[in-house]
Amino acid sequence: MEIIIDNEEIDKLSEDSNLQAIKVCLLGLDNTGKTSFLDRIFYIDSFKYYKESIQENLSSTGANYRQLLIKYKGKLFRLDLWDTAGQLKYFQLIRFFYKDAHVILNFYNPFKKESFEFIKKCYQSVNDINNAFLCAYILIKNKCDLSETKDQKIMISDEEALEYADKNNLIFRNLSNLEKYGSGIEEIFEECINGINDYLHKNNKNL
């Protein structure tokens, strides 16, 4: 897998008629790692600038937009990534960003029970608007590199998360935003690509 983030190269390759576009929406409360997921890809060398700019954009629009290309198994895919605001006050606004999404990435923090309750709320809302069974819905346990401490206890076990995922036919993945733990980012992008194939099959149409 080759991930391309250079804007000039993206513009050039986007002219390829065989390019497949995938709309991906990132959902989750604050501090579940959505933005850090994108930091790992786009802003390794300008983290401070990115954090300042994205917070301003999220506050004014409810979401931050980024775009990348992926070369995978001889094919070219463009991922349109919508990183939505994690505050509850934006909940009604973010539905405009996940409408018609092909892939939903829903992040939770296993140490924060409210973050798991939020993804349940998101899932119901997405299902009402999109019919979640017609898009790929990926449940992401972030911060999998962290262990319990005296001050931080796991509130959502893997068994509970897997039971919820199985019950609702969701894909479950672990993620760490720390490079030394292997991150899981490429595996999630693979699921995005597989998800568009499922989407097209279920909808029996071309984008």
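Two rings of Phe, Tyr or Trp (for Trp, the six-membered ring) count as an aromatic pair if their centres lie within 6.5 Å. With that in hand, a search of this whole structure turns up 7 aromatic pairs. Keep in mind that you're looking at a predicted model. The chain has 207 residues, and 47% of them are buried. Below is a tour by topic, starting with the overall layout.

**The overall layout**

- The chain's secondary structure adds up to 7 helices and 7 strands.
- If you walk along the sequence, you meet them in the pattern β-α-β-α-α-β-β-α-β-α-β-α-β-α.
- Take the contacts in the chain with a separation of 6 or more: 73% of them come from residues 24 or more positions apart.
- The accessible surface of the chain is about 11,000 Å², and carbon and sulfur atoms own 45% of that.

**Aromatic pairs**

- A pair of aromatic rings is described by how far apart the centres are and by the angle of the planes.
- Back to the 7 aromatic pairs: one of them is Tyr65 with Trp82, a tilted pair with 4.7 Å centre to centre and 45° between the planes.
- This pair links distant parts of the chain, with Tyr65 in strand E3 (residues 63-72) and Trp82 in strand E4 (residues 75-84), 17 residues apart.
- Tyr65 counts as partly exposed because its relative accessibility is 32%, and Trp82 gets that label too, at 24%.
- Next up are Tyr123 and Tyr137, whose rings sit edge-to-face, 4.9 Å centre to centre with 90° between the planes.
- Tyr123 belongs to helix H5 (residues 113-130) and Tyr137 to strand E6 (residues 136-141), so this pair ties together parts that are 14 residues apart in sequence.
- Are these two tyrosines buried or exposed? Tyr123 counts as buried, at 5% relative accessibility, and Tyr137 counts as buried too, at 4%.
- Tyr123 and Tyr137 also belong to one aromatic cluster, together with Tyr108, Phe116 and Tyr164.

**Cysteines**

- How many disulfides does the structure hold? The count is 0.
- As a reminder, a disulfide is a covalent bond that joins the sulfur atoms of two cysteines.
- Why does Cys122 have no such bond? The closest cysteine sulfur to its own is in Cys25, 8.6 Å away, and that is too far for a bond. The cut-off used here is 2.5 Å between the sulfur atoms.
- Cys122 is buried, with a relative accessible area of 0%.
- Cys192 is buried as well, with a relative accessible area of 0%.

**Salt bridges**

- Searching the whole structure gives 4 salt bridges, and three examples follow.
- Arg78 and Asp80 bring their side chains together in a salt bridge, at 3.0 Å from N to O.
- Asp80 counts as buried because its relative accessible area is 10%, which falls under the 20% cut-off.
- Glu117 and Lys120 make another salt bridge, where the closest N and O atoms are 3.7 Å apart.
- Both of these residues, Glu117 and Lys120, lie in helix H5, 3 residues apart, or about one turn of the helix.
- Glu117 is partly exposed at 37% relative accessibility, and Lys120 is partly exposed at 28%.
- Asp158 and Lys141 also form a salt bridge, with 2.9 Å between the closest N and O atoms.
- Here the pair links distant parts of the chain: Asp158 is in helix H6 (residues 158-167) and Lys141 is in strand E6, 17 residues apart.
- The two partners get different labels, since Asp158 counts as partly exposed at 28% relative accessibility and Lys141 counts as buried at 12%.

**A nonpolar patch on the surface**

- Which residues make a nonpolar surface patch? Met1, Ile3 and Ile5 do, and their patch covers about 200 Å².
- Ile3, one of these residues, has its place in strand E1 (residues 2-4).
- Ile3 counts as partly exposed, with a relative accessibility of 30%.

Technical notes:
Residues numbered from 1 in each chain as written. Predicted model: local features only at pLDDT ≥ 70, side-chain atom pairs only at ≥ 80, totals over all residues. Heavy atoms only, no water. Phe/Tyr/Trp six-rings, centres within 6.5 Å; stacked < 30°, edge-to-face > 60°. Helix = DSSP H or I, 4+ residues; strand = E, 2+ residues; numbered from the N terminus. Buried < 20%, exposed > 50% of the residue type's maximum accessible area, 1.4 Å probe, protein only. Patch = residues over 30% accessible without salt bridge, like charges linked within 9 Å, V, L, I, M, F, W, Y side chains within 5 Å. Areas by Shrake-Rupley, 256 points an atom, 1.4 Å probe, with all protein chains shown as cover. Contact = heavy atoms within 4.5 Å.
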